[in-house]
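Colleague: Please give me a close look at a single part of the model shown here, and then set that part against the rest of the protein. I am new to this, so please explain each term when it comes up.

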Amino acid sequence: MTEENVLKKSSGQSVEQNVDTSYDNRITWVDFVKTFACVLVVLGHFLQSMVKSGILNDSVCYEVFNTVIYYFHNPLLFICSGFLYQMRYKEDKDVKECINYKVNRVYNLIIPYLFFVTVTWIEKKIMANYINASVEGYLDTIITASIAPYWFLAALMLMYVLVPQIRKNHTVYFIIYIIAVIFVNTALKNYIIWFPLIKFVEYVSFFIVGMMLKNIKNIRGKQLRNIGLFFIALFCIGFVGIYYNGIVLSSTGFIFLALTGSIGIVILAISYFQKGIRRTKWWETLSEYTFPVFMMHTLAAAPIRIVLNFFHISQAWVHILFGLGASFFMPVIVYIIMKKMEWPLFVLYPSKVVKEGRKN
């Protein structure tokens, strides 16, 4: 298996290639975690829209579920992105190569960001009388990057630019980096007004933890599984205690609790997929659709809800059936059509399309 094929379908937001084949048995966990996180993102946005529009009641079950998933979905995606980012690192890279790589990552994120924010802004303007939240002016929307889920791309761009890859024996410096960022998050968050920078400060710890996971290959079997279960147990104890006592976490508290839960999920996934018999094409295939679904699920679900409301169809099960169906399957169908036409994929994977075009 060539290096290019190892991570052919395991990059999601950013198409990573040339990966060390010694990590081939771990790529499946990236596919699994990304797919799991993407499902949580879709469910979170969909259920929020249902509650805001009054189709579903704001129940205790909804509150618990909606709160729990926010400790996982974006943190897991940032952990995967950091892991893939670090896997591209080579000790013999010069400064020019590093800069070119970072520029390439930003380029591959800014194109999808600009395109989908623009399409979302247009959709919200057209459907202004039917949506749950108003939209600002176009330039304000682009600059503030506060539209979900696209702020993720803007924050990830900042991480590629501002976080260096870990050099050998320099892990301790990145632990200090995390501590410093958490301190900034605690002391200065109220003074940071640019939304992507707020999210950078909030989530860069997860990105760096993902980078450090490259060294986890030295831990195997039950030991690794037990570590994962320990972190999950810490999360469960912390969450139950906080929820039961009605404690409102600070952003720093959120980071610590989300780190325990997310690290636990990732370590359990690594432990499970370390066994070669569990390496299947199933997760690779699902992973291929995570980025299209992530980028298009809100665009697909909103018109369905509006059409159903227009015809005075208020049954919750109908909205759930058609809304979730649209959220998952419409992006997949659009993506398959884009693949067949090839050039429309530019708005998702710019470098890949340009590279293929040069070959042809």
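Modeller: What follows starts with one proline in a loop and then moves outwards.

This is a predicted model, in which local features need pLDDT of at least 70 and side-chain atom pairs count only at pLDDT 80 or more, while totals for chains, interfaces and linings use all residues. Residues are numbered from 1 along each chain as its sequence is written, and side-chain values use heavy atoms, with hydrogens and water left out.

The part to look at is Pro149, which sits in the loop that runs between H6 and helix H7 (151-162); helices here are DSSP runs of H or I with at least four residues, strands are runs of E with at least two, and both are numbered from the N terminus. Pro149 counts as buried because its relative accessibility is 3%, where buried means under 20% relative accessible area, exposed means over 50%, and partly exposed lies in between, with a 1.4 Å probe and protein chains only. Once the neighbours within four places in sequence are set aside, Pro149 is in contact (heavy atoms within 4.5 Å) with His45, Phe294, His297 and Thr298. Of these, Phe294 is 145 residues away from Pro149 in sequence, yet their C-alpha atoms are 7.4 Å apart in space. In the protein as a whole, 79% of the contacts with a separation of 6 or more are between residues 24 or more positions apart.

Helix H6 (residues 138-144) holds Ile143, which counts as exposed because its relative accessible area is 54%. Together with Tyr138, Leu139, Ile193 and Trp194, Ile143 makes a nonpolar surface patch of about 570 Å². Such patches are made of residues with over 30% relative accessible area and no salt bridge, with nonpolar side chains (Val, Leu, Ile, Met, Phe, Trp, Tyr) joined within 5 Å and like charges within 9 Å; a salt bridge is a side-chain nitrogen of Lys or Arg within 4 Å of a carboxyl oxygen of Asp or Glu.

For the wider setting, the protein has 15 helices and zero strands, and buried residues make up 51% of its 360 residues. Its accessible surface comes to about 17,900 Å², with 66% of that belonging to carbon and sulfur atoms; these areas come from the Shrake-Rupley method with a 1.4 Å probe, and for residues only the protein chains shown count as cover.
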